[in-house]
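Welcome! Here are some short exercises, each with a worked solution to follow at your own pace. Have a look at the structure first, then try each task before reading on.

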Amino acid sequence: MRRRIIAALVILSFVIASCNNQLVKYIPANKNATPEAKALYHKMGTLLNKGIMFGHQDTYLYGVEWKTEGISDVKQVSGDFPAVFGWELGDLELGNKASLDSVKFDEIREGIIWAHENGAINTISWHTNNPLTAGSAWDTSSDQVVKSILPNGEKNADYIDMLDKTANFLLSLSDKNGKLIPLIFRPYHEHTGNWFWWGQRLCSTDQYIALWQLTVDYFNSRGLNNLLYAYSAAGNLKTANDFMERYPGNEIVDFVGFDTYQHSIEHRDGYMDGIKNQMEIIIPIATQNNKIPILAETGFNAIPDSQWWTATLWPAIQDYPISYVLVWRNAYDCANHFYAPYPGCISADNFIEFKALDSILFLNDIQEK
Ligand code: BMA
């Protein structure tokens, strides 16, 4: 009898340990993360077993030749919304009413709330203006920008003010019960390239990491414990060290990923190999550090390949356990700047085939019903 009880206790402790393992595996880096942020992270970790979520930047407020609320080219073509909704906050830090893409922040707020209430996952990118030169995020004329905004730098107070404006908006994103909506926040992206003021040659490793720390500390001090943080490099990684060199730390980062684009029909093999090579770098890093891997941005501008979704994107990503793949925006205001299909475009039918793949998840596949 005694032996049986001991055996039962051993089994029970195994069960508890393995349940705990399941639970502890996907825990946000922020120890003070809100229950909603914890739930979202855990849900995304669990969904890794189900498939790859499809995401689209700015899907909800505009698309090719339209700008109204709530349509989405993806929904029009496929009948469903993406699982992941991308949003852009550039120019918010200037106190502007609309983003650098001329989308009103009030509408972005409504869109984020709508997406959350309907079970979608929100991720935010931030093409932060250059705080030293007053140029755009792409102004790389000075390599003193990051230095100037760190503590004791001449622009530190100005940058805190920019963070403050951004924090105020983020604090206004709450659900109908007044709870802050959990979000994936993805600042200072593609930093292994040199086209943003926070890029590789524009600041030192320590300065880049300090920039993250400053941002996260400030947002934490404002109570933004609803944010999960994504660290996404440019798709130019050769080694794990290229990725880890500027890694802000396991106590900050929740998602690891990269951004990469196909540039021409001829570039197809290079694009696919590039994805595979980067995946071979970031997937082990994600596993070792208990982080969730993502393909944070990708696409082929204007998709001039009718089979692109199932013949290029899908085979490039299908072997990798990433949480989501997000394609960039469908501009309403510049011709031929779109990355998701719209009704009548040449890859629309193929996109429907892509959506039908068992391992590709749209909103309907992740909604809790
Ligand atoms: C870029 C382009 C720009 C846009 C920016 C921020 O990649 O799409 O037109 O302003 O993203 O959304």
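Contact means that heavy atoms lie within 4.5 Å. Keep in mind that this is a predicted model.

**Exercise 1. A loop residue and its contacts**

Task: Find where Asp-91 sits, decide whether Asp-91 is buried or exposed, and list its contacts beyond the neighbours within four places in sequence.

Solution:
- Step 1. Look between β2 (84-88) and α4 (105-117): the loop there holds Asp-91.
- Step 2. Buried means under 20% relative accessible area. Asp-91 has 13% relative accessibility, so Asp-91 counts as buried.
- Step 3. With neighbours within four places set aside, Asp-91 is in contact with Asn-96, Ala-98, Ser-99, Leu-100, Phe-105 and Asn-129.
- Step 4. For a distance along the chain, take Lys-165: Asp-91 and Lys-165 are 74 residues apart in sequence, and their C-alpha atoms are separated by 9.9 Å.

**Exercise 2. The ligand and its shell**

Task: Work out which residues surround the ligand, and which side chains have an N or O atom at a given distance from a ligand oxygen.

Solution:
- Step 1. Around the ligand you will find Glu-88, Leu-100, Asp-101, His-127, Trp-138, Trp-328, Arg-329 and His-337.
- Step 2. Sort this shell by type: three of its residues are nonpolar, two are polar and three are charged.
- Step 3. Now check distances. A side-chain N or O atom of Asp-101 is 2.5 Å from an oxygen atom of the ligand. For His-337, the distance from a side-chain N or O atom to a ligand oxygen is 2.6 Å. For Arg-329, a polar side-chain atom lies 2.8 Å from an oxygen atom of the ligand.
- Step 4. Finish with coverage: on its own the ligand has 310 Å² of accessible area, and the protein covers 75% of it.

**Exercise 3. A buried strand residue**

Task: Describe the surroundings of His-56, beginning with the element in which His-56 lies.

Solution:
- Step 1. His-56 belongs to strand β1.
- Step 2. Its relative accessible area is 0%, so His-56 is buried.
- Step 3. The side chains of His-56 and Thr-59 are joined by a polar contact of 2.7 Å.
- Step 4. Beyond its neighbours within four places in sequence, the contacts of His-56 include Val-74, Phe-85, Leu-326 and Ala-340. Two residues from the ligand shell, Trp-328 and Arg-329, are also in contact with His-56.

**Exercise 4. Unusual phi angles**

Task: For Ser-72 and Ile-303, state the sign of phi and find the loop that holds each residue.

Solution:
- Step 1. Start from the general rule: most residues other than glycine have a negative phi.
- Step 2. Ser-72 is not a glycine, yet its phi is positive, at about 75 degrees. Ser-72 sits in the loop between β1 (52-57) and α3 (73-78). Its relative accessibility is 0%, so Ser-72 counts as buried.
- Step 3. Ile-303 is not a glycine either, and its phi is positive, at about 35 degrees. The loop between β7 (292-300) and α10 (308-317) holds Ile-303. With a relative accessible area of 2%, Ile-303 is buried.

**Exercise 5. How covered is a helix?**

Task: How many residues of α10 are buried, and which are they?

Solution:
- Step 1. Count them: seven of the ten residues of α10 are buried, which makes the helix mostly covered.
- Step 2. Name them: Trp-308, Trp-309, Thr-312, Leu-313, Trp-314, Ala-316 and Ile-317.

**Exercise 6. The whole chain**

Task: Step back and describe the chain by its secondary structure, its radius of gyration and its burial.

Solution:
- Step 1. The chain has twelve helices and nine strands.
- Step 2. Its radius of gyration is 21 Å, close to the 21 Å that the globule rule gives for 369 residues, so the chain is as compact as a globular protein of that length.
- Step 3. Of those 369 residues, 55% count as buried.
- Step 4. Take the contacts between residues at least 6 apart in sequence: 74% of them join residues at least 24 apart.
- Step 5. For the surface, the chain exposes about 15500 Å², and carbon and sulfur atoms supply 50% of this area.

Key:
Residues are numbered from 1 along each chain as its sequence is written. This is a predicted model: local features need pLDDT of at least 70, side-chain atom pairs count only at pLDDT 80 or more; totals for chains, interfaces and linings use all residues. Side-chain values use heavy atoms; hydrogens and water are left out. A residue is near a molecule or strand if one of its heavy atoms lies within 4 Å of it. A polar contact is a pair of N or O atoms within 3.5 Å; within protein, one must be able to donate a hydrogen and the other to accept it, and residues adjacent in sequence count only if both atoms are side-chain atoms. Accessible areas come from the Shrake-Rupley method with a 1.4 Å probe; for residues, only the protein chains shown count as cover. Ala, Val, Leu, Ile, Met, Phe, Trp, Tyr, Cys and Pro count as nonpolar, Asp, Glu, Lys and Arg as charged, and the others, Gly among them, as polar. Helices (H or I, at least four residues) and strands (E, at least two) are DSSP runs, numbered from the N terminus. The radius of gyration is taken over C-alpha atoms; the globule rule is 2.2 Å times the number of residues to the power 0.38. Buried means under 20% relative accessible area, exposed over 50%, partly exposed in between (1.4 Å probe, protein chains only).
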